[in-house]
Amino acid sequence: MALWKVMVDGVARLARGPAVEGPSELLPPELTLDGILGAEDAAAQLAEALAARVAGSVPVGTPVLAPLDRQEVWAAGVTYPRSRDARMHESQAPDAYDRVYEAARPELFFKAAPGRAVGPGARVGVRADSGWDVPEPELALVADRSGQIVAYSIGNDVSSRSIEGENTLYLPQAKVFRGSCAVGPCLVPTEEAPPVDAMRITLEVTRDGSSVYTDEVHVATMTRTPEELIRWLYLAQDFPYGAVLLTGTAIVPEDDFTLRPGDDVRIAITGLGELRNGVEQVGAAPPPRSA
């Protein structure tokens, strides 16, 4: 059983239902993700929410939202060997990525402010001033206010490899823009999910009805543990409503592949369902440099 966020009669509500089949039962309106993840005993609150009385059924065709309220989304990088190799290949400062892969301190960066991550069925973006853009399918850790991992979800850390490769200082522009982050389709409590080492992440990109890219990776090949990454994130940060941390990707398309407007991106993780998003272009061409 998983926790979903849906839009019913213009109001965001929590619902429950299997991660694969989708939401089926509305939960009482007083239940919120902020209330659950901001509680001292978030795991217990989550379990109680999934066992709460039913407040109605979820109508067929009800829109599913990103399963977030006021949670920030952060991301980790260079957590798989394939990610390290790809970042070294694209960058003009390859040693930086090799060093962070071996270092005790992981690469962590801000990805999306509350309300900026899109959910299933919404469109992710590719920048108009970038020529090489890729999806990055990742396991998402959902932690409570104290830094305990209480649930998992699926994340898409859409990135401009051309901007990031041009200069490592351009990382925020390569990673944070309109439609650069998708999370969903639901939150699966850790007790309900398969062991992390047993999870497999799959990616498929379709274009004009045909598959143009597919790949998969086992989360067991990640070089850092989820608990390690969360400890570093919470080391000097406060998250009163909890936080979401994307754990990095090992699926790295070849140099000649780039996302295009109109593409369809499908990410699935064992036991966590499927996150599917269309692609649109965002932004504009870069302005001329001032004299």
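The largest nonpolar core of this predicted model has 53 residues, and those with the most contacts inside it are Leu139, Tyr152, Met199, Ile201, Val219, Leu259 and Leu272. A nonpolar core here is a set of buried Ala, Val, Leu, Ile, Met, Phe, Trp, Tyr and Cys residues joined through side-chain atoms within 4.5 Å, where buried means under 20% relative accessible area, exposed over 50%, and partly exposed in between (1.4 Å probe, protein chains only). Strand β1 (residues 2-8) gives this core its largest share, four residues; helices (H or I, at least four residues) and strands (E, at least two) are DSSP runs, numbered from the N terminus. Apart from this core lies another, of 27 residues, among them Leu50, Ala52, Phe109 and Val244.

This is a predicted model, in which local features need pLDDT of at least 70 and side-chain atom pairs count only at pLDDT 80 or more, while totals for chains, interfaces and linings use all residues. Residues are numbered from 1 along each chain as its sequence is written, and side-chain values use heavy atoms, with hydrogens and water left out.

Strand β15 (243-246) is covered on both faces, with Ala243 and Leu245 buried on one side and Val244 and Leu246 buried on the other. Its pairings, for which DSSP must find at least two bridges between two strands, are set out below.

| Strand paired with β15 | Bridges and direction | Residue opposite Leu245 |
|---|---|---|
| β5 (residues 72-77) | four bridges, parallel | Trp74 |
| β9 (residues 137-143) | four bridges, antiparallel | Leu141 |

Asp263 has its place in the loop between β15 and β16 (264-269), and Asp263 counts as buried because its relative accessible area is 2%. Its side chain makes a polar contact with the side chain of Arg207 at 2.7 Å, a polar contact being a pair of N or O atoms within 3.5 Å, of which, within protein, one must be able to donate a hydrogen and the other to accept it, and residues adjacent in sequence count only if both atoms are side-chain atoms. Leaving aside residues up to four places away in sequence, Asp263 touches Val205, Thr206, Arg207, Thr258, Asn277, Gly278 and Val279, contact meaning heavy atoms within 4.5 Å. With the same sequence limit, Leu259 touches residues including Val126, Pro135, Val205, Arg207 and Val279.

Ala51 lies in the loop between α2 (42-50) and β4 (56-57), and Ala51 counts as exposed because its relative accessibility is 62%. The C-alpha atoms of Ala51 and Leu27, which are 24 residues apart along the chain, are separated by 9.3 Å.
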